[in-house]
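Work through the exercises below with the sequence and the model at hand. Each task is followed by a worked solution.

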Amino acid sequence: MTYVNRLGEDVPRTGGPPQGGAVAAWSLDTTLDVVGGHRVAEALPLLDAEERDRAQRFVRPGDRHRYVASHLGLRLLLGGYLGLAPEKVALVREACPCCAAPHGRPAVAGGGVQFSLSHSDDMAYLAFAETAVGVDVERVPGDDVVADVIDLLHPSETAELAALPASARRMPMARMWARKEACLKATGTGLADGLAEPYVGTGPDPARLAGWYLTDLPAPPAYAAALALRT
């Protein structure tokens with residue numbers, strides 16, 4: 001299982017960007033008032049225009065704070081790997097693999113490192129690598145969410161969950177969802193093709209995927225997290 005660094009109030013020590021098959025994973029409590037030495041309430045100038053616009057659309061202050069904290073963390077870590085100030089990191093969108101429009105995976109202009117960011121409730125996870133990478137964190141869903149989604153999954157995943165008592169499906173659902181989202185973020189396809197593929201499994205260990213390293217990540221209670229890396 002990949003080690004997860006914790007990004008907290010102190011300035012992170014990143015070193016150079018991951019090379020070859022190496023990957024760096026980080027977690028962040030997005031309720032922190034200070035992230036990496038910067039106050040979240042004063043961090044808007046460190047974000048780009050698109051990020052600032054999105055932040056200001058949040059109606060609830062708590063949601064805005066979590067968003068800014070996660071994107072501040074992303075910029076601090078990218079800046080650390082690339083030797084740039086966080087506000088100097090230029091972000092772009094790759095071409096969508098489904099339609100070629102510019103709304104695919106987020107990327108650093110000019111390359112240098114690939115990354116993925118996911119946030120759920122009070123947690124954010126970030127991953128960095130030389131090749132395509134996806135990370136996802138999910139809060140364990142309620143029984144109603146499981147019931148709504150169970151029949152939309154890969155048939156084997158549906159069968160695995162259906163074989164469990166209804167009261168025991170929530171964590172398997174969360175880890176399956178985190179694995180699937182990590183894969184879809186790494187490819188940039190998102191949910192355009194539905195929820196069935198790829199098959200990642202609901203059990204304690206993820207399914208093997210040709211051409212990918214897929215692993216669960218350590219997560220706080222009531223969360224599941226996973227990482228997918230192109231090999």
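**Exercise 1.** Which residues of helix 4 (residues 155–162) are buried?

The model is predicted: local features need pLDDT of at least 70, side-chain atom pairs count only at pLDDT 80 or more, and totals for chains, interfaces and linings use all residues. Residues are numbered from 1 along each chain as its sequence is written, and side-chain values use heavy atoms, with hydrogens and water left out.

Step 1. Helices (H or I, at least four residues) and strands (E, at least two) are DSSP runs, numbered from the N terminus. Buried means under 20% relative accessible area, exposed over 50%, and partly exposed in between (1.4 Å probe, protein chains only).

Step 2. In helix 4 the buried residues are Glu157, Thr158 and Leu161. Viewed down the helix axis they fall within an arc of 100°, so they line one face of helix 4; the arc is that of the directions from the helix axis to the C-beta atoms.

Step 3. An α-helix has 3.6 residues a turn, so residues three or four places apart point the same way.

Step 4. The cover over the buried residues of helix 4 includes helix 5 (170–187). Contact means heavy atoms within 4.5 Å.

**Exercise 2.** Describe the sheet that includes strand 7 and the helix packed on it.

Step 1. Two strands pair if DSSP finds at least two bridges between them. Four strands form an open sheet in the order 1-2-8-7, with mixed pairing.

Step 2. Strand 1 (4–7) and strand 7 (114–120) are the edge strands, each pairing on one side only.

Step 3. Strand 7 pairs with strand 8 (residues 123–129) in the antiparallel sense over seven bridges. Here Ser116 stands opposite Ala127 in strand 8.

Step 4. Helix 2 (residues 61–82) packs on the sheet, touching strand 1, strand 2 (23–29), strand 7 and strand 8, and its direction makes about 25° with that of strand 8. Axes are lines fitted to C-alpha atoms, for helices over the stretch in contact, and angles run from 0 to 180 degrees between N-to-C directions.

**Exercise 3.** At what angle do the axes of helix 1 (residues 49–57) and helix 2 cross?

Step 1. The two axes come within 8 Å and cross at roughly 160°. That makes helix 1 roughly antiparallel to helix 2, a term for angles over 145 degrees.

Step 2. Helix 1 contributes Glu51, Arg54, Ala55 and Gln56 to the contact, and helix 2 contributes Arg64, Tyr67, Val68, His71 and Arg75.

Notes
Parallel < 35°, antiparallel > 145°, perpendicular 65-115°, else oblique.
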